[in-house]
Amino acid sequence: MSEFLLKPRIRFGQDALSALAEVPARQALLVTDQMMVKVGLAERVTQILRQRGIPFQCWDDVVADPDITTVVRGMKLMD
């Protein structure tokens with residue numbers, strides 16, 4: 001039998017974006033929706049990534065409860 005365990009740390013609330021300074025990343029994929037881009041919230045994340053010199057791609061084609069086609073498109077982007 002094989003097993004793996006994922007323990008994501010979820011940070012939220014005031015000043016939660018400061019946690020991005022601690023993330024050991026070589027590259028990033030920001031998964032969001034078009035509204036977050038339109039109102040400027042995605043830019044707050046990408047600005048931090050730029051300052052840290054982390055190459056990133058922003059995928060804003062996400063909808064609530066995505067179908068399998070959307071999930072597969074996202075997986076292909078990650079690859």
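**A tour of the predicted model**

With the whole chain selected, the protein shows 3 helices and 2 strands, where helices (H or I, at least four residues) and strands (E, at least two) are DSSP runs numbered from the N terminus. This is a predicted model, in which local features need pLDDT of at least 70 and side-chain atom pairs count only at pLDDT 80 or more, while totals for chains, interfaces and linings use all residues. Residues are numbered from 1 along each chain as its sequence is written, and side-chain values use heavy atoms, with hydrogens and water left out.

Colour the chain from the N terminus onward, and the elements follow the pattern β-α-α-β-α. The C-alpha atoms fill a box of roughly 40 × 30 × 25 Å, taken along the principal axes. Among contacts with a separation of 6 or more, 63% join residues 24 or more positions apart, a contact being heavy atoms within 4.5 Å.

Next, switch on the molecular surface. The accessible surface comes to about 7,000 Å², and 56% of this area belongs to carbon and sulfur atoms; accessible areas come from the Shrake-Rupley method with a 1.4 Å probe, and for residues only the protein chains shown count as cover. Of the 79 residues, 15% count as buried, with buried meaning under 20% relative accessible area, exposed over 50%, and partly exposed in between (1.4 Å probe, protein chains only).

For a buried position, select Thr46, which lies in helix 2 (residues 41-52) and has a relative accessibility of 5%. Leaving aside residues up to four places away in sequence, Thr46 touches Leu30 and Phe56.

Now select the charged side chains. There are 10 positive and 10 negative ones, and the centres of the two sets lie 6 Å apart; Lys and Arg count as positive and Asp and Glu as negative, without His and the chain ends, and each charge is placed at NZ of Lys, CZ of Arg, CG of Asp or CD of Glu. How many salt bridges are there? The count comes to 3, a salt bridge being a side-chain nitrogen of Lys or Arg within 4 Å of a carboxyl oxygen of Asp or Glu.

- Select Arg11 and Glu22, whose side chains meet in a salt bridge at 3.1 Å, N to O. Both residues lie in the segment before strand 1 (28-31), so the pair ties together parts that are 11 residues apart in sequence. Arg11 is partly exposed at 38% relative accessible area, whereas Glu22 is exposed at 55%.
- Move to Arg50 and Glu43, which form a salt bridge with their closest N and O atoms 3.2 Å apart. Arg50 is partly exposed at 47%, and Glu43 is partly exposed at 39%.
- Finish with Arg73 and Asp61, whose salt bridge has an N to O distance of 2.4 Å. Arg73 lies in helix 3 and Asp61 in the loop between strand 2 (56-59) and helix 3, so this pair ties together parts that are 12 residues apart in sequence. Arg73 is partly exposed at 37%, as is Asp61 at 33%.

For the last stop, select Ile68, Val71, Val72, Met75 and Met78, which form a nonpolar patch on the surface with about 490 Å² of accessible area together. Patches are made of residues with over 30% relative accessible area and no salt bridge, like charges being joined within 9 Å and nonpolar side chains (Val, Leu, Ile, Met, Phe, Trp, Tyr) within 5 Å. Within this patch, centre the view on Met78, which is found in helix 3 (residues 68-78) and is exposed, with a relative accessible area of 60%.
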